[in-house]
Amino acid sequence: MIAIIGSIAMLVALISAFLWLIVIFLKKDRLKAPLRKTFIISGIIFLWCGFITMINHPDDSDEKVITHHMKKEHSTHHVKKEHKKKKAHQLKVYPITVQSVSSKNKYFIINGKTNAPDRAKIYVRSIYNNNCARSNKDEWAKVNNHQFRALININDLTSQKVCPIGKEIITEAFAINNYESENWDAPYNSGLKKKVKETNIKNRRL
């Protein structure tokens with residue numbers, strides 16, 4: 001809007017000055033010297049005002065370019081920020097190393113280590129395709145300082161009522177971070193299966 005007003009003002013000033021000078025030129029013999037001098041000065045002033053208006057009024061196209069550039073930068077920054085946020089909350093799977101396995105009252109007690117961060121959850125796939133590793137408080141078994149301890153009901157890994165001494169149980173065991181389920185007996189769904197495959201988690205003996 002400011003640009004339009006400035007352009008109109010510039011045009012009016014230039015036309016006025018041009019007509020003013022034509023009048024002076026055509027009627028210079030009829031005009032007295034003081035009056036002719038006044039006309040000339042007025043014409044010069046009109047021309048000068050028009051010139052100043054022309055060089056100082058804002059260029060609307062430049063404003064649009066700058067505004068568009070700023071919006072584009074803001075949009076790009078927002079997308080990158082959202083991408084980083086989304087990436088930070090993606091499900092991650094980590095391999096684990098089982099260091100010891102003992103049994104007590106129909107439970108396996110496994111201890112091990114992992115590179116997973118603190119509070120990552122230990123997941124051991126049961127024969128029912130869900131997690132069977134938990135803490136002694138009936139919650140997720142979690143990583144603490146790259147160490148973990150988990151309890152597993154023997155019946156979740158074998159259909160036999162009593163697990164024979166020395167029998168090797170083969171299953172998938174790993175640590176997970178940013179997992180959506182709050183329940184420790186979470187299912188082994190397709191999303192988790194895909195991540196396990198991508199991380200190259202192999203079946204292991206317990």
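# Notebook: salt bridges, sheet and cores

I began with a pair in H4: Glu198 and Lys195 form a salt bridge, with their closest N and O atoms 3.8 Å apart. The model I am reading is predicted.

**Entry 1. The H4 pair.** I checked where the two partners sit. Both lie in helix H4, residues 190–198, three residues apart, about one turn of the helix. I then looked up accessibility. Glu198 is exposed, at 52% relative accessible area. Lys195 is partly exposed, at 26%.

I looked at both ends of the helix as well. At the start of H4, a side-chain oxygen of Asn189 comes to within 3.3 Å of the backbone nitrogen of Gly191. After H4 comes Asn200, and its phi is positive, near 65°.

**Entry 2. Other salt bridges.** How many salt bridges does the structure hold? I find three. Side chains of opposite charge can pair when their charged atoms come close.

I took Glu172 next. Glu172 bridges to Arg125, with 3.1 Å between the closest N and O atoms. Glu172 is in the loop between strand E6 (170–171) and strand E7 (173–177), while Arg125 is in the loop between strand E3 (121–124) and strand E4 (133–134), so the pair ties together parts 47 residues apart in sequence. Is Glu172 buried or exposed? Glu172 is buried, with a relative accessible area of 11%. Arg125 is partly exposed, at 23%.

Then I turned to Arg134 and Asp138. Their side chains meet in a salt bridge at 3.9 Å, N to O. Arg134 counts as buried at 13% relative accessibility. Asp138 counts as partly exposed at 46%.

**Entry 3. Chain overview.** I stepped back to the whole chain. Its secondary structure comes to four helices and eight strands. Along the sequence I read the pattern α-α-α-β-β-β-β-β-β-β-α-β. The chain has 206 residues, and 30% of them count as buried. I also looked up contact range. Among contacts with a separation of 6 or more, 67% come from residues 24 or more positions apart. The exposed area is about 14,800 Å², of which carbon and sulfur atoms supply 57%.

**Entry 4. The sheet.** In what order do the strands of the open sheet run? I trace six strands, E3-E7-E1-E2-E5-E4, with antiparallel pairing. E3 and E4 are at the edges with a single partner strand each, so one side of each has no neighbour in the sheet.

I followed the E4 edge inward. E4 pairs with E5 in the antiparallel sense over two bridges. Ala133 stands opposite Ile152 of E5.

**Entry 5. Ala150.** I stayed in E5, where Ala150 has its place. Ala150 counts as buried, at 0% relative accessibility. I listed its contacts, leaving out residues up to four places away in sequence: Phe108, Ile109, Ile110, Ala133, Arg134 and Ala141. Arg134 is the buried residue of the bridge to Asp138 in Entry 2. I also took one C-alpha distance. Ala150 and Ser135 are 15 residues apart along the chain, and their C-alpha atoms are separated by 5.4 Å.

**Entry 6. The cores.** Which residues touch the most other members of the largest nonpolar core? Of its 20 residues, I noted Ile96, Ile110, Ile122, Val124, Ile152 and Ala175. The elements that give two or more residues to this core are strand E1 (92–104), strand E2 (107–114), E3, strand E5 (147–153) and E7. In soluble globular proteins, nonpolar side chains tend to be buried together.

I looked up one of these residues in full. Leaving out residues up to four places away in sequence, Ala175 touches Lys92, Val93, Tyr94, Ile96, Thr114, Ala116, Lys121, Ile122 and Val143. There is also a second, separate core of 13 residues, including Trp140, Tyr179, Ala186 and Tyr188.

**Entry 7. A loop residue.** Last, I looked at Asn105, found in the loop between E1 and E2. Is Asn105 buried or exposed? Asn105 counts as exposed, at 63% relative accessibility. I took a C-alpha distance here too. Asn105 and Asn153 are 48 residues apart along the chain, and 9.0 Å separates their C-alpha atoms.

Note on methods
Residues numbered from 1 in each chain as written. Predicted model: local features only at pLDDT ≥ 70, side-chain atom pairs only at ≥ 80, totals over all residues. Heavy atoms only, no water. Salt bridge = Lys/Arg side-chain N within 4 Å of Asp/Glu carboxyl O. Buried < 20%, exposed > 50% of the residue type's maximum accessible area, 1.4 Å probe, protein only. Core = buried A, V, L, I, M, F, W, Y, C linked by side-chain atoms within 4.5 Å. Contact = heavy atoms within 4.5 Å. Pairing = 2+ DSSP bridges. Polar contact = N/O pair within 3.5 Å; in protein donor to acceptor, adjacent residues only side chain to side chain. Areas by Shrake-Rupley, 256 points an atom, 1.4 Å probe, with all protein chains shown as cover.
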